[in-house]
Amino acid sequence: IQIEVFGGSTFNWLTTNNLSNNAVSNPQVWPTSTTTYKVLASDINTCADTAEITITVNPKDDATFAYSGSSYCSSDSDPSATISGTSGGLFTANSIGLDINSSSGLIDLDASTAGTYTVKYLTTGVCPDSSTQDITIHTSPTVDLGNDTTICTGNTLTLDAGAGYTCLLYTSPSPRDKRQS
């Protein structure tokens, strides 16, 4: 940043650390910690005065966060963000299709539209920071095997989940039932 002293014609900055030039009225400074800069200014009659300015350096917030994954099906459990940096920030998405809680980062997968989104977390401290993570939501398939059916012992029934499905998870209601291949 640039600091400037008004009044005087010659200048002598008494604090010289991280100062571009100690003999000008408006040096550049880049303090890494809180620093008080003091200047002695003189006029053409050799009258002098001093002034000082303190520049406070605050640490930048840490906006680190993460979800457990980057790709979800709409029928999965709703993921929540884990904040490992500065808490209390706000979550936003790059599109209205993602239903996200702005405080917690919880994503409502059922209420969101399938697609890829960029989730942004912005801290709200004195020195805010932000970070992003891409999240993809896939539409879960809707499988329908029809109405419940009754068959006689020894008969078989073909279950068809429809085109495009290559696997069927069979859950038997009784240990005596057998899976037929």
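A disulfide is here a pair of cysteine sulfur atoms within 2.5 Å, and by this rule the count comes to 0 disulfides in this structure. The model is a predicted one, and the secondary structure of its protein chain comes to 0 helices and 9 strands. The points below take up the chain as a whole, then the strand pairings, then the surroundings of Asp61, and finally the cysteines and a nonpolar patch on the surface.

**The chain as a whole**

- Read from the N terminus on, the elements of the protein chain follow the order β-β-β-β-β-β-β-β-β, in keeping with a count of 9 strands and 0 helices.
- The protein chain has 181 residues, of which 23% are buried.
- About 12300 Å² of the protein chain is exposed, and carbon and sulfur atoms supply 49% of that area.
- Among the contacts in the protein chain with a separation of 6 or more, 47% come from residues that lie 24 or more positions apart.

**Pairing of strands E1, E2 and E3**

- Strand E1, which covers residues 10–13, pairs with strand E2, residues 35–42, in the antiparallel sense over 4 bridges, and within this pairing Thr10 has Ser42 of E2 as its bridge partner.
- Strand E2 is also joined to strand E3, residues 48–55, by 8 bridges, and these two strands run antiparallel, with Tyr37 having Ile53 of E3 as its bridge partner.
- The hairpin of E2 and E3 has 5 residues between the strands, and there Thr46 takes a positive phi near 65°.

**Pairing of strands E7, E8 and E9**

- Strand E7, residues 90–93, and strand E8, residues 115–122, run antiparallel and are joined by 4 bridges; Leu90 has Leu122 in E8 as its bridge partner.
- Strand E8 is in turn joined by 8 bridges to strand E9, residues 130–138, again with the two strands running antiparallel, and Thr118 stands opposite Asp134 in E9.

**The surroundings of Asp61**

- Asp61 is found in the loop between E3 and strand E4, the latter covering 65–66.
- With a relative accessible area of 14%, Asp61 counts as buried, because buried means under 20% relative accessible area.
- Leaving aside residues up to four places away in sequence, Asp61 touches Thr86, Thr123, Thr124, Gly125, Cys127, Pro128 and Asp129.
- Asp61 and Ser87 are 26 residues apart in sequence, while the distance between them in space is 9.2 Å, C-alpha to C-alpha.

**Cysteines**

- Cys127, one of the residues that Asp61 touches, is partly exposed, with a relative accessible area of 23%.
- Cys152 is exposed, with a relative accessible area of 55%.
- A disulfide is a covalent bond between the sulfur atoms of two cysteines. The count of disulfides in this model comes to 0.

**A nonpolar patch on the surface**

- Val143, Leu145, Ile151, Leu157 and Leu159 form a nonpolar patch on the surface, and together they have about 420 Å² of accessible area.
- Leu145, one of the residues of this patch, has its place in the segment after E9.
- The relative accessible area of Leu145 is 43%, so this residue is partly exposed, and this value also satisfies the cut-off of over 30% relative accessible area that residues of a patch must meet.

Terms used: Residues are numbered from 1 along each chain as its sequence is written. This is a predicted model: local features need pLDDT of at least 70, side-chain atom pairs count only at pLDDT 80 or more; totals for chains, interfaces and linings use all residues. Side-chain values use heavy atoms; hydrogens and water are left out. Two strands pair if DSSP finds at least two bridges between them. Buried means under 20% relative accessible area, exposed over 50%, partly exposed in between (1.4 Å probe, protein chains only). Patches are made of residues with over 30% relative accessible area and no salt bridge: like charges are joined within 9 Å, nonpolar side chains (Val, Leu, Ile, Met, Phe, Trp, Tyr) within 5 Å. Accessible areas come from the Shrake-Rupley method with a 1.4 Å probe; for residues, only the protein chains shown count as cover. A salt bridge is a side-chain nitrogen of Lys or Arg within 4 Å of a carboxyl oxygen of Asp or Glu. Contact means heavy atoms within 4.5 Å.
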